[in-house]
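Work through the exercises below with the structure open. Each task is followed by a worked solution.

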Amino acid sequence: MNTLSQHEKYMQRCLQLAQLAEGHTYSNPMVGSVIVYNGRIIGEGYHRKAGEPHAEVNAVNSVKDKTLLKESTLYVNLEPCAHYGKTPPCSKLIIDEKIPHVVIGCIDDFSEVAGKGVEMMEKAGVKVEYGILEKESRDLNRRFFTYHNKKKPYVILKWAQTLDGFIDIDRESNLFGQPTWITNEWARKAVHKQRSTEQAILVGTNTALKDNPSLTVRDWDGPQPLRVVIDRRCQLTSDYHLLDGSAPTIVINSLKNEMENNIEYIQADFDNRLPEQILQILWEKGIQSIIIEGGRATLDSFIMHNLWDEAYKYIGNTFFGTGIKAPVINADCIDQKEFGDSRLFVYRNNIVF
């Protein structure tokens, strides 16, 4: 069994700290930092929210005896920035505090940084090491890297299916208005937790008409995602939850571009690779991640164009016998979880961030 090196142990702590702000740092990445003096952590911090101090600043500020910084090592899972944004560059802070040694998880290939932080510190005489738990560091910020490198949001497919492989019954219009529950309440809480960590959530017209979903975070505490609905002919009215104005909502349609209260109508060409257009629209709006919740036709359109990064398949302890078949993806399962009699299977597309 491999044991972690000292560098890896401290980097693992950086990743733990960074994870605490999941869902709150957009449009910034998740970053954690620890400061070590003589084999002991004397300071730590993480980036809590965009516009607030970065992880390195919080770590430095947490050190009681600042004279120790001159003999300490700073660990951080992502390359310290070198540019002025809403906050001053962290590389300059490290230099000003005369921290002699910096250990980095992975280089930030966002163009504003992209090795410039390392270059600035090395020119000032700071010893810099990087590539410590690099895979784990990149994986933590896979949404951030996908957004900047692939010019699209990180796409997560999500659906619930029965033990016999159906996501819904065949419903007549008199049964519209409420979802057909498949999983238990604990699995549904997990869904709301996930909603709080992603920037946007999308459904197609049929799901909006049949289920009348709110697509909000109700069973968990966290930020509300941007709601997106595909409604080609603008069939939805203000009677539907998605158009109640309670949360920012985008309606992808073929008829108009306009803003009504909290609802933005954006016109798209429905005859020309609609999933790509949707991702381009959201990328231009700075959306780094999105959950595609269905229905079957919408999920299949993203699968068919290979425009997905992860898939969350919930299986409930029930049978429908007949109905609408669940999507099928060709990928290996990377994780499984149990929520009583409901189970979750997570799949990852073969991608490079």
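**Rings and charges in a predicted model**

Exercise 1. Find what Arg138 lies over.

Solution. Arg138 is placed over the face of Phe145, 4.0 Å from the ring centre. The model is predicted. A second charge over a ring is that of Arg188, whose charged end sits 4.4 Å from the centre of the Trp181 ring.

Exercise 2. Classify the pair formed by the rings of Tyr147 and Trp283, and place both residues in the chain.

Solution. Step 1: the structure has four aromatic pairs. Step 2: the ring centres of Tyr147 and Trp283 are 5.8 Å apart, and a pair needs centres within 6.5 Å. Step 3: their planes meet at 35°, so this pair is tilted. Step 4: Tyr147 belongs to helix H6 (residues 142-150) and Trp283 to helix H9 (residues 274-284), so the pair links distant parts of the chain, 136 residues apart. Step 5: Tyr147 has a relative accessible area of 12% and is buried, while Trp283, at 23%, is partly exposed.

Exercise 3. Do likewise for Tyr314 and Phe339.

Solution. Step 1: the ring centres of Tyr314 and Phe339 lie 6.3 Å apart. Step 2: the planes are at 35°, which makes the pair tilted, since stacked requires under 30 degrees and edge-to-face over 60. Step 3: Tyr314 is in strand E14 (residues 310-315) and Phe339 in strand E16 (residues 333-339), so the pair ties together parts 25 residues apart in sequence. Step 4: buried means under 20% relative accessible area; Tyr314 is buried at 2%, and Phe339 is buried at 18%.

Notes. Residues numbered from 1 in each chain as written. Predicted model: local features only at pLDDT ≥ 70, side-chain atom pairs only at ≥ 80, totals over all residues. Heavy atoms only, no water. Phe/Tyr/Trp six-rings, centres within 6.5 Å; stacked < 30°, edge-to-face > 60°. Helix = DSSP H or I, 4+ residues; strand = E, 2+ residues; numbered from the N terminus. Buried < 20%, exposed > 50% of the residue type's maximum accessible area, 1.4 Å probe, protein only. Lys NZ or Arg CZ within 6 Å of the ring centre and 35° of its normal.
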